[in-house]
Amino acid sequence: MKYKAPRGTHDIFGAQAEKINKLEQTSRQVFRKYNYGEIRLPTFEAAELFSRSIGETTDIVEKEMYVFSDRKGRQLALRPEGTASVVRAYLENKLEQNLPLAKLYYIGSMFRYERPQAGRYREFFQIGAEYFNNPSPAADAEILLLTKDILETYGLKDLSIHVNTLGCLKCRPKYKDEIKKYLKNEKDLCEDCKRRIDKNPLRVLDCKKDSQKINNLPKIQEYLCDDCNNHFNDVQDLLKQADCSYIIDHNLVRGLDYYTKTVFEVRSAGLGAQDALAAGGRYDNLIKHLGGNDTPAVGFALGSERVMLAADNLKLSEKTIKNKIILVAVVNKDLSKNAFNLVAKLRKNLDEGSSLAVEGPFSEKSLKSQLRLADRLNAAKVVIFGEEEYARGNVILRDMSSQSQQEVNIAEIEKLIFKS
Ligand code: ATP
Ligand code: MG
């Protein structure tokens, strides 16, 4: 075989495609309940949009971005995440004035040059949402409950929700300085962390390699200003009122620089190292940083492949709703146009949202192999066009589970199929 999908990409078909569709459908339903509207974004943007918003010293910008120049020498990047693009679109389309409420969701693939492994790809799908211009802790709680609602509606259980606060530009610098002092005394940090002590010391907190060494660092809670402290307490009160249990996790800092105040991550047991299904938080400075007005915002993104892996662990995939198939077959080629006609008519008259699919006819195949196909497709019923029956205005309706069949009038067929 000459061609292979590029390393870290994967084809999604069959049961996997059903599963990801179901997840996307579920998400759209939940987004509708929470009043989020869809935004479709470009797959590539100016590379600088990402480096400026995600942060120069983050993993994504330092080593994971697919950057290329186009034929006119513009520096572009395949999007590694959605938030920067939504913010760009919010500013470019003046959504602050043009939408009564800017609550947007997106579904699409993201690109990161990472070492491929289970639950980690170079092209993967995310579903995410952003809520602009609401500084209230209620917006943080809404985004968190929305994330949880999507995952639970899809069927996941035993989620653990980790929350933390990163403070704001008023209180975080003091904490950063304190952390820096501690880290300077720490001898054997990994190379990445050593390099980051000066520029991005908080990232050391969620370094997987160094997590054991940094357990006794000072906690940000002791450094928060009143505003951030109250905000974090209010978010927690709202979550408690909504019966949403959570874990306060002082080491949760997230890999992107733009977060302020609340950050969270939803994890699922049993997924090994790639246990983060979704993550998000507040980013009150990003919009101004990208040239807009001072606009608070909060958002989240979930990784579709990881959610599907978690669903596999629960054997949820076996429960995915499958279309019931009606196969129309012919005994000989002469009746193939009549059979085709019935297929077209049945498809046209199916109710929207019906779980029936109509298939056939395969007039080049023998009846035997058409019936074998019906078996392999798990068809519920087969309509067989036979010469003698057709001459009487009839067809044969075969029930695949009971293996019984009856001769019925063609005019009756629609009623018989649709009612069952
Ligand atoms: P991780 O710590 O696992 O690298 P992250 O912090 O880089 O995750 P985010 O940028 O917050 O992840 O993205 C949100 C979600 O997208 C993650 O929780 C995860 O489910 C998913 N995700 C991130 N990177 C990948 C990837 N390379 N392949 C598949 N899913 C991913
Ligand atoms: Mg990552």
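Helices (H or I, at least four residues) and strands (E, at least two) are DSSP runs, numbered from the N terminus. The structure is a predicted model, in which local features need pLDDT of at least 70 and side-chain atom pairs count only at pLDDT 80 or more, while totals for chains, interfaces and linings use all residues. Residues are numbered from 1 along each chain as its sequence is written, chains are lettered from A and ligands numbered from 1 in the order in which they are written, and side-chain values use heavy atoms, with hydrogens and water left out.

The surroundings of ligand 1 comprise 16 residues, of which Arg-112, Glu-114, Arg-120, Tyr-121 and Arg-254 come nearest; a residue is near if one of its heavy atoms lies within 4 Å of the molecule or strand in question. By class, this shell holds 7 nonpolar, 3 polar and 6 charged residues. Here Ala, Val, Leu, Ile, Met, Phe, Trp, Tyr, Cys and Pro count as nonpolar, Asp, Glu, Lys and Arg as charged, and the others, Gly among them, as polar.

Backbone atoms also approach the ligand. A nitrogen atom of ligand 1 lies 2.9 Å from a backbone N or O atom of Tyr-121, and an oxygen atom of ligand 1 lies 2.9 Å from a backbone N or O atom of Ala-276. A polar backbone atom of Gly-303 is 3.4 Å from an oxygen atom of the ligand. Taken alone, ligand 1 exposes 580 Å², and the protein buries 89% of that (Shrake-Rupley method, 1.4 Å probe). Strands E6 (123-132), E10 (276-282) and E11 (297-303) are the elements that give two or more residues to the shell, and E10 supplies the largest share, 4 residues.

Strand E10 also contains Ala-278. Ala-278 has a relative accessible area of 3% and is therefore buried (buried means under 20%, exposed over 50%, partly exposed in between; 1.4 Å probe, protein chains only). Leaving aside residues up to four places away in sequence, Ala-278 touches Thr-147, Glu-265, Val-266, Ala-301 and Leu-302, contact meaning heavy atoms within 4.5 Å.

Several loops carry backbone features. Gly-360 and Pro-361 are joined by a cis peptide bond with omega of about -10°, and Pro-361 sits in the loop between strand E13 (356-359) and helix H13 (367-376). Asn-378, in the loop between H13 and strand E14 (381-385), has a positive phi of about 65° although it is not a glycine. Asn-378 counts as exposed because its relative accessibility is 65%. Gln-403 lies in the loop between strand E15 (394-399) and strand E16 (404-409); its phi is near 60°, a positive value in a residue other than glycine. With a relative accessible area of 44%, Gln-403 is partly exposed.

Note on methods:
A polar contact is a pair of N or O atoms within 3.5 Å; within protein, one must be able to donate a hydrogen and the other to accept it, and residues adjacent in sequence count only if both atoms are side-chain atoms.
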